[in-house]
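Trainee: Please take a close look at the enclosed and open spaces of this model and at the helices beside them. I would like the terms with their cut-offs.

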Amino acid sequence: MTAGQATGVAADAGALRAVAVATLSANWEHDHTVPSRTLYPHQWSWDSAFTAIGWSHLRPARAWRELAGLFRAQWGDGRVPHIVFNPALPAGSYFPGPGFWDSACAEGAPPAATSGLVQPPVHALAGWLAYRRDPCDAARAALGRLYPRLVAQQRYLATHRDVGGGGLACIVHPWESGLDNSPAWDIPLAAVPAEAAVMRAYRRHDTAHTDAAHRPTDLDYARYVAIVAAYRAVRYRDERLADRHPFLVECPLLNAAAGEAEQALARIAGTVGADPGPHRERAAAITEAVVDRLYDPATGLFHPRDLRTGRLLPARTALGLMPLVLSGLPARPVATVVAEACSPRFGLGARMDRPLPSHDRTAADFEPLRYWRGPSWLNLAWLLRRGLLAHGRADLAAGLRRSMIDLVARSGCHEYFHPDTGAGLGSPAFGWTAALLLDVLAERG
C-alpha cells in the first residue's frame, strides 16, 4: 500500500502504520532520510530530527545513523546546517544548490557541501526520545557520542546568534524558522531590497514539481536569495550582524525549541554521566527570555521580534503557539495561548472538525493553499501536542492527535494539508509526516 492509496481509508492503525513505514523506507538514502524524492532530495536538518523519531519505532539503528550523519556536517562553530547536500545528485536537483551556497568559502565549514543557515534545534529532543524508546547499551553509546555535538549546537545559538543581547537567538533568514514564507515575516522581508525579475536568472526546483500558486512567490524568493547573498558575502560569519545583515528576527519557535533542547540535554546528561544542572539553568533562562521578549499580553500569543525595529511582528501565526512546549512556561501565557489556540483562529478542540492551520484562518491574508500561509502541517501539530500534554491539557492533546491521524487516513503522508478540507498538498510521500504519524500511533490516545 502506498501513501497515495491512503485516501478514503478508515483510520485503522495497522493500515496507517503500513503507509508510514512504506514512506520512510522509500525515502531512506544510505545514511539519512530525504524529506521527499521529488521536492527535497537532500538531507534537511529538522526533518532528520523528526524522521529519527519515526525510525526509533521501526529500526532504532537508523535513528542514530540519521542523527550521526547530520552532525558529521556540523560546522566548527557548532552550527548544524539546514541542508547537507548529497554529492551523488546532479547540481540542478535542487535550488539553491551547493554552488549557490558555496559553503567551502567559510572558515570551519565541513568537507561536505552544506547551506550556511540553521533550523530549529529539535535534535536533542529527538535523540532523547530515540533513546527512551530503546534504552540499550548501543543507544546509550550513540547518545554519548551525540551529546557534545548537541551542546555545541546550543552554544552556537546562545553566543553567535544572541544579537539582541536578551538571551534569545535570532534567525538571519526566514528559512531558519522552518516556516519559510509565513506571514510572520512579511514586514521585515518587505524591507529587503529585491525585484521578482531577479529570479529569471535561476531555475526554481519547487515550482517544477508543485503548483506555483501553492509556493512562495518569485518576489519572496528574490528576497530570500538577497539575504543569503548578504550572508555568503561575509562567509557566513556572525560578527557584527546587527550592523550589516538585512534580516534579524527573534523567532518563538526556534527559541522554544532551544529551551526544550536544554531540558532534553539535562536528561541526556544524566544518562551519559554529565552534569544536568547547567542545562536546567539554561532552559529556565531561555523560558524567561521568551516570555519577556516575545509574549504580547494584548494578543495572548508569542510574536517574533524584529531586531531592526525592536518591535513585535503582528501576524497571529502558529509560531505564537509553539512556546507551549516549554514546560516551565508561567500559568498566564499558558492559559492565553491555549485560549487563542481554541479560538476560531486556530480551531483546537477536544473534537476538531478541521486541522490546525499554520496561520490565523480569520485573517485577511490567510491562504489555504500556499505553503506556510495557512496549510496544516503535522510537525506543528506534533509540537503543540507535546506542549498541551506538558501543561495538563490531555483533552486537547487527544483531539489534536485524532486530527493528525484523520489527515493521513484521508489524504496520505503529504507534506502539508488543506486547512479546511484536509486534502493533501505538496509532496505526496513526505518523511516527517510518516515519522510523526508513527509516533502518535504508538501512543495511546
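Mentor: What follows goes from the spaces to the helices that border them.

The model is predicted, so to speak of local features requires pLDDT of at least 70 and side-chain atom pairs count only at pLDDT 80 or more, while totals for chains, interfaces and linings use all residues. Residues are numbered from 1 along each chain as its sequence is written, and side-chain values use heavy atoms, with hydrogens and water left out.

Start with the pocket. On a 1 Å grid over the protein atoms alone, a pocket is an open set of points with protein on both sides within 12 Å along at least five of seven lines, a cavity is a set where a 1.4 Å probe fits but cannot get out, and lining residues have an atom within 4 Å of a point. Points are joined across faces, edges and corners, and a volume is the space filled by probe spheres set on them. The largest pocket has a volume of about 480 Å³. Its lining has 21 residues, with L125, L129, R132, R386 and E443 nearest the centre. Two or more lining residues come from each of α5 (123-133), α11 (252-272) and α14 (378-390); helices here are DSSP runs (H or I, at least four residues), as are strands (E, at least two), numbered from the N terminus. By class, the pocket lining has nine nonpolar, four polar and eight charged residues. Ala, Val, Leu, Ile, Met, Phe, Trp, Tyr, Cys and Pro count as nonpolar, Asp, Glu, Lys and Arg as charged, and the others, Gly among them, as polar.

Four cavities of 30 Å³ or more are found in the whole structure. The second largest holds about 70 Å³, and its lining is P121, V122, L125, L253, A257, E260, A261, V325, L383 and R386. L125 and R386 thus appear in the lining of this cavity as well as among the residues nearest the pocket centre. α11 gives the most to the cavity lining, with four residues, and α14 supplies at least two. Eight lining residues are nonpolar, none polar and two charged.

α11 also packs on helix α12 (residues 277-294), at an angle of about 165° with the axes 8 Å apart. Axes are lines fitted to C-alpha atoms, for helices over the stretch in contact, and angles run from 0 to 180 degrees between N-to-C directions. The two helices are therefore roughly antiparallel, a label for angles over 145 degrees. Their crossing is left-handed, that is, the near helix is turned anticlockwise from the far one by less than a right angle. In contact (heavy atoms within 4.5 Å) are, among others, A258, G259 and E262 of α11 and A283, I286 and V290 of α12. This contact has nine nonpolar, four polar and three charged residues.

α5, which lines the pocket, packs on another helix, α3 (residues 60-71): their axes come within 10 Å and cross at roughly 155°. α3 and α5 are therefore also roughly antiparallel, with a left-handed crossing. A63, W64, L67, L70 and F71 of α3 meet H123, G127, A130 and Y131 of α5. Here the classes are seven nonpolar, two polar and no charged residues.

Methods
Parallel < 35°, antiparallel > 145°, perpendicular 65-115°, else oblique.
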